[in-house]
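Here is a protein chain to read slowly, one question at a time. Please keep the sequence and the model side by side while going through the answers.

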Amino acid sequence: MVNDRGAERVRGGHLWIYASDILGFEPAPPPPEATAPVRVRDRRGRELGLADWSPQSQIRLRLLSRGAGDTADGAWLRQRLEAALAYRRRVVRESDAYRLVSAEADGLPGLIVDRYGAALSLQALTWGMAARQDAIVALLERLLTPQVIVERNDVKVREREGLPLRSGMLRGESARAEVAIHGLRFALDLLEGQKTGAFLDQRENWLAAAQWARAFQVESALDVFCYQGGFALHLARACKRVEAVDSSRPALEAADANAARNGLENIDWVEANAFDLLKHYDQGGNQFDMVVLDPPAFAKSRSALEAAIGGYKEINLRALKMLKPGGLLISCSCSHHLAESELLGLMAAAAADARRPLTILERRGQALDHPVLLAVPESAYLKCVVAVAR
């Protein structure tokens, strides 16, 4: 039974009910292997739906279904997975690497499945999905016949659920995968890379960056926080010279190998702290036709937002100072707690400090295979602003 606040949130379309929303007695925690979906009712006894219960998380309940009498059985699970796959077949273009299941946005809260060619990488992040993992793997094998399935259940959110951290092979012999994205080949290690093996949510923005570079006849581009080179490799096909910066040597080595795999020789890979390098380039008068900023999440909590805004503003200010007149700035944030309006505000403040008026060309988000559920704002996290500086 939940209070009026929790019931109103659910009726508004959200899927989460917090521990503070629950009224009265909670049952004893079930064993981790028990799926244990529970019926959720408001304080008047009216049914709200069926939910997975997480006894240790502040997100105590995650709604699975709203229909009275619905059950989260094998047929339900298969229907949700088939619907997720059908949606991706409609929206994914020029890539065999994409998000197949995006948790709440696909009606499967706590479950992430990414496809990398003939391989799948999954995360079961809640008690309910962890209990269903064997059934999920069996269904994925029947639906897609992958050669490899790995689990990347090594993320900290599982600790908040009281679940163990682990990663490894579930099917197949090798976690190495090779994928094609917009005509480029990428080799990935699904057990070593970030997230489930790579960042797929920027995939469509990589292509857009190259399209803008061609439109503005960009010759020199700087890709900051490049990781394994998604932006850099796409830009290398549109620009004469690309410089790509990251602090991780293994990431740069993987990016360089992917550049060689695609016959791209016009990228300089630079191992450096991005803040230090931007300051050095700014003070040294380095100039570029285009700068891409794709930092990690600076604001991982609401309490970290103020400091994060300072960090975002600094890198945008440095980038603006080194842009040639008419140069392009692509500024990204994957911090859910930083709203798009806040990103635009700090970019405006940086532009004012740099005395470089900015014109917004495009506002973008995450790739279409990372859908946004309107009533769950947490599902919309990636911002990507394309602007031109005078």
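Q: Not counting residues up to four places away in sequence, which residues does Arg43 touch?
A: The model is a predicted one, and in it Arg43 lies in the loop between strand E2 (38–41) and strand E3 (47–53). With residues up to four places away in sequence left out of the count, the residues that Arg43 touches are Met1, Val2, Asp4 and Leu23.

Q: Is Arg43 buried, partly exposed or exposed?
A: A residue is called buried under 20% relative accessible area and exposed over 50%, with partly exposed in between. The relative accessibility of Arg43 is 43%, so this residue counts as partly exposed.

Q: What distance separates the C-alpha atoms of Arg43 and Asp246?
A: Along the chain, Arg43 and Asp246 are 203 residues apart. In space, the separation of their C-alpha atoms is 52 Å.

Q: Why is the protein chain described as being as compact as a globular protein of its length?
A: The chain holds eleven helices and 18 strands. For its 390 residues the globule rule gives 21 Å, and the chain is as compact as a globular protein of that length because its radius of gyration is close to that value, at 22 Å.

Q: In what order do the five strands of the open sheet stand?
A: The pairing in this open sheet is mixed, and strands E8 (residues 148–153) and E9, for instance, run antiparallel and are joined by five bridges. Within that pair, Ile149 stands opposite Arg171 in E9. Read across the sheet, the order of the strands is E5-E6-E7-E8-E9.

Q: Which strands stand at the edges of this sheet?
A: A strand at the edge has a single partner strand, so one of its sides is left without a neighbour in the sheet. The strands placed in this way are E5 (97–102) and E9 (166–171).

Q: Which strands does helix H4 touch where it packs on the sheet?
A: Helix H2 (residues 74–91) also packs on the sheet, where it touches E5 and strand E6 (111–116) and its direction makes about 145° with that of E5. Helix H4 (residues 133–144) has a direction that makes about 155° with that of E7. The strands that H4 touches are E5, E6, E7 (119–124), E8 and E9.

Q: How wide an arc do the buried residues of helix H9 cover around the axis?
A: In H9 (residues 274–284), the buried residues are Ala274, Leu277, Leu278, Tyr281 and Asp282. They lie on the same side of H9, because the arc they cover around the axis is only 130°.

Q: Which exposed residues does the face of H9 turned away from its buried side carry?
A: The buried residues of H9 are covered by elements that include strand E12 (220–224), strand E15 (288–293) and helix H10 (305–321). The face turned away from that buried side carries the exposed residues Asp276, His280, Gln283 and Gly284.

Q: What is the relative accessible area of His182?
A: His182 sits in the loop between strand E10 (176–181) and strand E11 (184–189), and it has a positive phi of about 55° although it is not a glycine. This residue is buried, and its relative accessible area is 6%.

Q: Is Phe225 buried or exposed?
A: Phe225 is found in the loop between E12 and helix H7 (230–236), and its phi is positive, at about 65°, although it is not a glycine. With a relative accessible area of 14%, Phe225 is buried.

Conventions
Residues are numbered from 1 along each chain as its sequence is written. This is a predicted model: local features need pLDDT of at least 70, side-chain atom pairs count only at pLDDT 80 or more; totals for chains, interfaces and linings use all residues. Side-chain values use heavy atoms; hydrogens and water are left out. Two strands pair if DSSP finds at least two bridges between them. Helices (H or I, at least four residues) and strands (E, at least two) are DSSP runs, numbered from the N terminus. Contact means heavy atoms within 4.5 Å. Axes are lines fitted to C-alpha atoms, for helices over the stretch in contact, and angles run from 0 to 180 degrees between N-to-C directions. The radius of gyration is taken over C-alpha atoms; the globule rule is 2.2 Å times the number of residues to the power 0.38. Buried means under 20% relative accessible area, exposed over 50%, partly exposed in between (1.4 Å probe, protein chains only). The arc is that of the directions from the helix axis to the C-beta atoms.
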